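Got your viewer open and ready? Let's take a walk through this model, one selection at a time.

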Amino acid sequence: MDVLALYREAGAYHEGHFLLASGRHSPKFLQSTTVLQYPHLTGQIGQALAEKLREEGIQADLLVGPAMGGVVLAYEVARHYGTRAIFAEKDGKGGMKVREAFSIQPGETFVAVEDVLTTGGSVLKAVRAVEALGGRCVAVACIVDRRKEEGPLEGYPLVSLTRLTFDTYAPDEVPEWLAARPLQEI
């Protein structure tokens, strides 16, 4: 699957000056919500991620996505993976929580699903929320891995459909050519 072509097809690949959720600045941005509004594209992504998890030999009882962006993606991957999907949402204290309506059995295994991984902050908050209820994370899965370093995410195996390393900059490291462009907060 050519993920970048899929994002371009949906009008979800942007160039400019963006302030990412991670607090870093980037000249390129992938707007997954634009892609995930189209069921046929979301279905393709969900099927591809589910197949990749199987190819990697990863077996889990459920999938979890961080709200809001990960809700639709976790559901669609779970539909093709053959398991259930839940989500974690902000707890108002800087972390995430799992609603009481979702039951997690001690030792139940899960995969945390995210759209674009830049630092991993959001998906790791979702992981911690499920682990706090007794779940055991067996992998993190994403559409796009944007991290500079490859490999696991804090010890969790990482499965991604593609790896795209767009440059990102800390607020005090933004180059002049990028600072000259109008800033768009995401």
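What follows is a series of stops, each with something to select and a note on what is there.

**Before we start**

Keep in mind that this is a predicted model.

**Stop 1: the annotated domain**

Select residues 44-163. UniProt, in an unreviewed entry, places the feature "domain: Phosphoribosyltransferase" on that span. Colour it by secondary structure and you'll find 30% helix and 33% strand. Now look at the two ends of the span: their C-alpha atoms lie 17 Å apart.

**Stop 2: two residues with a label**

Next, pick T118 and R146. The unreviewed UniProt entry marks T118 and R146 with the annotation "binding site". They're spread over 29 residues of sequence, yet they cluster in space, with a largest C-alpha distance of 4.9 Å. Both T118 and R146 also belong to the lining of the largest pocket, and we'll get to that pocket shortly.

Zoom in on T118. You'll find T118 in the loop between β6 (109-117) and α5 (121-131). Leaving aside neighbours within four places in sequence, what does T118 contact? The answer is L20, S22, R146 and R147.

Now slide over to R146, which sits in the loop between β7 (136-145) and β8 (158-163). Is R146 buried or exposed? R146 is buried, because its relative accessible area is 4%, and the cut-off for buried is under 20%. Show what surrounds R146 and, not counting residues up to four places away in sequence, you'll see a list of partners including L20, F29, V116, T118, F166 and D167. S26 is one of the residues touching R146, and here the two side chains make a polar contact at 3.3 Å.

**Stop 3: the largest pocket**

Time for the pocket itself. If your viewer can draw it, expect a volume of about 760 Å³. The lining has 32 residues, and to find the centre, select A21, E114, D115, V116 and S122, which are the closest to it.

Which elements should you colour here? β2 (25-30), α2 (32-36), α4 (69-81), β6 and α5 each supply at least two residues of the lining. β6 gives the most, with 4 residues. Try colouring the lining by class, too: there are 11 nonpolar, 14 polar and 7 charged residues.

**Stop 4: helix α5**

You've already met α5 as a supplier of pocket lining, so now check which of its residues are buried. Select V123, L124, A126, V127, A129 and V130: these are the buried residues of α5. What covers them? Strands do part of the job, including β3 (62-66), β4 (84-90), β5 (96-98), β6 and β7.

**Stop 5: just past α5**

Move to the loop between α5 and β7, where you'll find A132 and G134. A132 is exposed, as its relative accessible area is 66%. G134 counts as partly exposed, at 29%.

Add P106 to the view and draw some distances. The C-alpha atoms of A132 and P106 are separated by 9.7 Å, with these positions 26 residues apart along the chain. For G134 and P106, 28 residues apart along the chain, the C-alpha separation is 4.3 Å. Beyond its neighbours within four places in sequence, G134 is in contact with I104, Q105, P106, G107 and E108.

**Stop 6: K52 and S160**

Finish with a pair. K52 is in helix α3 (residues 39-55), while S160 is in strand β8. K52 is partly exposed, with a relative accessible area of 25%, whereas S160 is buried at 14%.

Show side chains and backbone here. A polar atom of the K52 side chain lies 2.8 Å from the backbone oxygen of S160. The S160 side chain has a polar atom too, and that one lies 3.3 Å from the backbone oxygen of T162.

Which other residues join in? Not counting residues up to four places away in sequence, K52 touches V159 and S160. By that kind of count, S160 is in contact with K52, C142, I143 and D145.

One last distance to draw: from K52 to E150. These residues are 98 apart along the chain, and their C-alpha atoms are separated by 17 Å.

Definitions and conventions: Residues numbered from 1 in each chain as written. Predicted model: local features only at pLDDT ≥ 70, side-chain atom pairs only at ≥ 80, totals over all residues. Heavy atoms only, no water. UniProt positions renumbered as here; feature names shortened; annotations may be inferred. 1 Å grid on protein atoms, 1.4 Å probe; cavity = no way out; pocket = protein on both sides within 12 Å on 5 of 7 lines; lining within 4 Å. Contact = heavy atoms within 4.5 Å. Buried < 20%, exposed > 50% of the residue type's maximum accessible area, 1.4 Å probe, protein only. Polar contact = N/O pair within 3.5 Å; in protein donor to acceptor, adjacent residues only side chain to side chain. Points joined across faces, edges and corners; volume = space filled by probe spheres on them. Nonpolar A, V, L, I, M, F, W, Y, C, P; charged D, E, K, R; others polar.
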